[in-house]
Amino acid sequence: MLIRRGKTIGICMGVKRVLELVEKLQKEEPSLPLCTVGPLIHNPLVLNKLAAEGVRIIQDPGEARTGVVVGRAHGLPRDVKEAFSRMPVRFVDGTCPRVLKTQDLAEKQSLLGYHIIIVGNSGHGEVQAIAGYVAGQNYTVLATPQEARACPLFSRNFVISQSTIRQEEYDQVCGVLKRRAEEEGRELKAVQTICPCTRDRQEALKELSNATDALLIIGGKDSANTIGLYRTALQLGKPVWHIESAREIPPEVFGCAVVGLSAGASTPEWIIRGVEQVLEQGSQEAGSISGPAGGHKNKLTTTEGRNMETLRSKKAFICDMDGVLYHGNQLLPGVKEFVEWLRKESKAFLFLTNASERSPRELQEKLSRLGIEVDSTHFYTSALATAGFLATQSPGGSAYVIGEAGLINALYDAGFSMNDINPDYVIVGESRTYNLETVMHAVKLVLNGAKLIGTNPDLTGPVEGGIAPATGSLISPIELATGSQAYFVGKPNPLMIRHAMKRLKVNREDTVIVGDRMDTDIRAGIEAGIEAVLVLSGVTNYENMKKFAYRPNYIFKGVGEIPHFKENGSGIEK
Ligand code: SF4
């Protein structure tokens with residue numbers, strides 16, 4: 001498969017600027033709470049990442065009590081900005097300079113007596129912010145030629161637009177207004193305020209389409225300019241899909257000879273690269289790796305820059321436990337050598353588990369019984385991730401917990417208190433005390449307004465002699481009875497991986513995840529933007545792996561191969 005990018009795709013100047021602003025504030029003021037007014041940009045993966053880093057979203061100036069508040073790239077109405085500036089916080093305006101220009105134009109022309117017509121979506125934050133600058137609320141918002149035919153025209157009209165609408169849509173609306181103004185003898189001026197970033201991405205997409213069999217448009221499902229790209233792509237007559245991340249790549253794409261990529265102005269490079277990597281892997285045959293049954297001679301070919309040297313040079317290894325290090329009470333082959341190698345090479349490492357019932361100390365003791373001695377700081381559970389995440393969302397909050405000591409202690413350590421009257425959260429993890437009474441109480445609390453959190457979405461977990469229902473199964477009666485959907489913190493939520501990287505103080509480029517499950521470990525790695533290693537020592541075999549729309553970057557029989565595997569020319573061979 002050939003993968004082609006449009007000449008201009010992805011993040012624009014305004015979005016890049018506001019993300020860099022937040023990053024700078026995080027570095028300058030690490031101890032101060034950081035909030036954004038509404039979502040900073042229209043991209044759920046970026047927003048999840050920010051949430052994982054402790055950045056909260058607030059809507060109302062009344063919620064701004066302390067710390068730093070950043071205004072979004074597409075701007076805020078003047079009165080909202082002024083209200084934030086009066087609060088006891090540092091307000092930092094992240095409005096894109098191009099949007100500021102349009103706001104300025106709206107204000108000046110309305111003060112000169114023009115009725116302002118904004119071509120765009122009345123529900124979009126940017127349009128609402130521009131409208132907030134129009135003197136005397138003297139404005140109309142129009143989205144379609146039909147609306148342009150029906151709206152009242154004033155004696156003096158001034159047309160501007162949302163920065164991210166499509167040129168064709170603007171031209172159609174503006175054309176109707178111009179014709180009407182001429183017929184009705186009204187003055188009508190129009191200034192082009194569509195952002196060049198929107199136009200460039202649209203033009204690049206049209207050019208790209210000629211040389212491809214199918215198109216993937218990458219970006220938030222509520223991002224106006226990404227939706228604009230998707231609509232244009234639909235008109236180009238090629239098969240097209242709008243995806244937010246690599247995990248949404250449809251299987252049909254892997255059968256295409258040439259796939260074109262475009263991405264909206266709020267899609268950062270790491271998301272685009274994640275999609276490219278999955279496409280690259282999906283289009284390659286794999287190299288001399290035998291599955292656990294030992295019958296396959298499939299190949300995992302290395303790609304330029306992705307070889308054993310690249311893998312071994314990673315500074316941090318995040319490893320799943322069950323199926324990677326051990327099965328039940330049996331250590332897997334090569335694990336001792338792998339852990340010795342991690343130590344000898346001074347790698348940062350964390351052993352990660354979605355199970356929430358055990359504390360790091362208990363996990364340390366388990367590995368010790370199996371002959372592996374590592375400090376308890378090397379263990380990270382979904383209970384720790386849940387506690388860490390909620391501490392950033394609601395510092396000093398309270399919870400009603402259905403779970404075991406590992407979860408309850410993690411929450412206490414994160415500053416949470418237990419509360420079964422009116423908690424902020426109902427949190428469910430693996431539990432041996434789960435019963436109808438605890439479920440009924442949880443239902444009552446959720447109906448009274450507590451938010452429902454699951455430590456991990458696993459439906460089952462291994463137990464001695466079989467499987468047992470895990471958190472995903474235990475929480476579903478509460479979801480069904482309340483109509484609320486739980487938020488799960490553990491894998492495949494990339495949030496857990498980002499928290500783990502934060503603990504290890506490493507960045508994405510230096511980190512790799514090692515796991516045995518495609519649907520949790522590998523997916524979490526891809527969505528967190530890190531390279532992923534599948535080991536066939538657990539639940540996945542080579543044939544199962546091929547059913548997924550995404551691929552790991554490396555495949556091994558077990559972790560023991562990571563320090564010793566030898567490459568040979570076009571493929572990896574033992
Ligand atoms: S699309 Fe244009 S106007 Fe909007 S944030 Fe990006 S650079 Fe600014």
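Strand β1 (residues 2–5) and strand β12 run parallel, joined by four bridges. Within this pairing, isoleucine 3 has valine 259 of β12 as its bridge partner. Keep in mind as you explore that this is a predicted model.

Strand β12 has another parallel companion: strand β10 (residues 214–218) is joined to β12 by five bridges. Here isoleucine 217 is matched with serine 262 in β12.

The table below puts some strand pairings side by side, including one that we will meet again later.

| Strand pair | Direction | Bridges | One partner pair |
|---|---|---|---|
| β1 and β12 | parallel | four | isoleucine 3 and valine 259 |
| β10 and β12 | parallel | five | isoleucine 217 and serine 262 |
| β28 and β29 | parallel | three | valine 533 and tyrosine 554 |

How many of the six residues of strand β12 are buried? Five of them are, so strand β12 (residues 258–263) is largely enclosed by the rest of the structure.

Let us stay with β10 for a moment, since leucine 215 has its place in this strand. Is leucine 215 buried or exposed? A residue counts as buried if 20 or more other C-beta atoms lie within 10 Å of its own. Leucine 215 has 27 other C-beta atoms within 10 Å, so it is buried. You can also look for valine 240 beside this residue: the C-alpha atoms of leucine 215 and valine 240 are separated by 4.7 Å, although the two are 25 residues apart along the chain.

**A sheet of six strands**

Now turn to another part of the chain. An open sheet of six strands is found here, with parallel pairing and the order β19-β18-β15-β27-β28-β29. Which strands are the edge strands? They are β19 (379–381) and β29 (554–556), and each of them pairs on one side only. Going from one strand to the next, the twist averages 25°. At the β29 end, strand β28 (residues 531–535) pairs with β29 in the parallel sense over three bridges. Valine 533 stands opposite tyrosine 554 of β29.

**Around the ligand**

The ligand is surrounded by 14 residues, and the closest are Cys12, Gly14, Cys96, Ser163 and Cys195. Three elements give two or more residues to this shell: α1 (13–28), α4 (97–111) and α8 (196–209). Which element gives the most? That is α1, with three residues. By character, the shell divides into nine nonpolar residues, four polar ones and one charged. Domain 1 (13–94) and domain 2 (99–194) each supply at least three residues to the shell.

**The whole chain**

Those two domains belong to a longer list. The domain assignment of the chain gives domain 1 (13–94), domain 2 (99–194), domain 3 (286–354 + 493–573) and domain 4 (395–488). Notice that domain 3 is written as two stretches, 286–354 and 493–573. Taken over C-alpha atoms, the centres of domain 1 and domain 4 are separated by 31 Å.

Stepping back, the chain contains 21 helices and 31 strands. Its radius of gyration is 27 Å, close to the 25 Å that the globule rule gives for 574 residues, so the chain is as compact as a globular protein of that length. Along the principal axes, the C-alpha atoms of the chain fill a box of roughly 90 × 60 × 45 Å. Of the 574 residues in the chain, 48% are buried, and leucine 215 is one of the buried residues.

Definitions and conventions
Residues numbered from 1 in each chain as written. Predicted model: local features only at pLDDT ≥ 70, side-chain atom pairs only at ≥ 80, totals over all residues. Near = placed C-beta within 6 Å. Nonpolar A, V, L, I, M, F, W, Y, C, P; charged D, E, K, R; others polar. Domains from an automatic or database assignment. Pairing = 2+ DSSP bridges. Axes fitted to C-alpha atoms, helices over the stretch in contact; angles between N-to-C directions. Buried ≥ 20, exposed ≤ 12 C-beta atoms within 10 Å, placed from the backbone. Rg over C-alpha atoms; globule rule 2.2 N^0.38 Å.
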